[in-house]
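Biologist: I am new to this structure and would like a close look at a single part of it. Could you choose one strand and take me through its surroundings with some care?

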Amino acid sequence: MITLAHISDLHIDGGARARERVERVMAYIDAVADSLDALVVTGDLAEHGALGELEEARALLSGRLPAATCPGNHDVVEGRSAFRRVMLGEPGGEDPVNAVHRVDGGAVVMCDSTVPGEGGGLLSEETLEWLEDTLADLRTTPVVLGFHHQPARLHAPYVDALAMQGADRLAFLLERHPQVAGLLCGHAHTAAATAFAQRPLLVAPATAGVLPLPWEDAHRVTDAQPPALAFHILDDDGRMTTHFRTAPPQED
Ligand SMILES: [Fe+2]
Ligand SMILES: [Fe+2]
């Protein structure tokens with residue numbers, strides 16, 4: 001069994017509001033870390049992809065759990081170099097940020113769905129090849145696959161227009177890899193659950209704020225609600241269960 005905490009879309013911008021909301025969910029996660037295997041963070045750590053924003057995000061995420069991250073569109077406004085430098089400790093570079101994180105009983109595979117400078121997403125040729133090779137090596141290992149952009153329509157028009165393009169190629173690839181039990185993403189700023197390629201597709205709420213649905217009485221991202229997170233449990237039989245939570249206020 002694997003138990004993951006999943007947060008997304010921190011949008012750290014140097015201000016107190018976004019930082020405090022991340023501190024609140026991280027305090028909640030850290031308090032229960034003994035029962036968890038890893039923290040998954042599906043992108044948009046920073047608001048403008050600035051080095052200082054990413055450094056602040058990295059510090060906020062450094063709790064008791066190993067963190068599996070991937071970039072979001074806001075992290076790579078001017079390219080992937082800042083993300084690679086801060087999050088990977090590398091000199092920089094524009095290669096997609098793809099990584100395998102082994103946990104007890106399985107693996108969390110994180111893919112880069114960003115197109116630097118653009119809001120929408122795409123798994124590049126290089127990333128798809130890496131994913132095919134990586135999953136071939138993990139043929140007998142239960143895998144949870146994470147990325148930033150949702151590959152399926154969520155009926156949230158603003159983010160549906162900025163979804164992962166070419167998702168049929170991902171679906172085709174997943175047909176060959178039944179060990180992938182579930183897909184995790186962010187970007188949509190709404191806690192949501194749907195399906196993609198016969199797998200659960202689980203969307204983490206944004207810590208930064210909620211994007212209203214068309215029938216809700218609001219038209220912009222709002223942080224009026226408490227910051228939220230998801231817990232995912234992968235059973236040994238490959239079944240995934242998800243619980244969504246809001247983080248309680250921190251005591252002074
Ligand atoms: Fe976002
Ligand atoms: Fe995003």
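Modeller: Let us take strand E12, bearing in mind that this is a predicted model. Both of its faces are covered, since Ala228, Ala230, His232 and Leu234 on one side are all buried, as are Leu229, Phe231 and Ile233 on the other. Behind this division lies a general pattern: in a regular strand the side chains alternate between the two faces of the sheet. Seven of the seven residues of E12, which spans residues 228-234, are buried, so the strand is largely enclosed by the rest of the structure.

Turning to its partners, E12 runs antiparallel to E1, to which it is joined by five bridges, and within this pairing Phe231 of E12 is the bridge partner of Ala5. E12 is also antiparallel to strand E13, residues 240-246, and here seven bridges join the two, with Leu229 standing opposite Arg245 of E13. E12 and E13 form a hairpin with five residues between the strands, in which Gly238 takes a positive phi near 90°.

The partner strand E1 leads on to a metal site, where Asp9 (OD), His11 (NE2), Asp44 (OD) and His189 (NE2) are the protein donors of the iron ion (ligand 1), at 2.0 to 2.2 Å from it. Asp44 also bridges this ion and the iron ion (ligand 2), the two lying 3.4 Å apart. Because Asp9 lies in the loop between strand E1 (2-7) and helix H1 (16-31), and Asp44 in the loop between strand E2 (38-41) and helix H2 (51-61), the pair ties together parts that are 35 residues apart in sequence. Asp9 is buried, with a relative accessible area of 0%, and Asp44 counts as buried at 2%.

Definitions and conventions: Residues are numbered from 1 along each chain as its sequence is written. Chains are lettered from A and ligands numbered from 1 in the order in which they are written. This is a predicted model: local features need pLDDT of at least 70, side-chain atom pairs count only at pLDDT 80 or more; totals for chains, interfaces and linings use all residues. Side-chain values use heavy atoms; hydrogens and water are left out. Donors are N, O and S atoms within 2.8 Å of the metal (3.2 Å for Na, K and Ca); water is not among the atoms, so sites may look incomplete. Helices (H or I, at least four residues) and strands (E, at least two) are DSSP runs, numbered from the N terminus. Buried means under 20% relative accessible area, exposed over 50%, partly exposed in between (1.4 Å probe, protein chains only). Two strands pair if DSSP finds at least two bridges between them.
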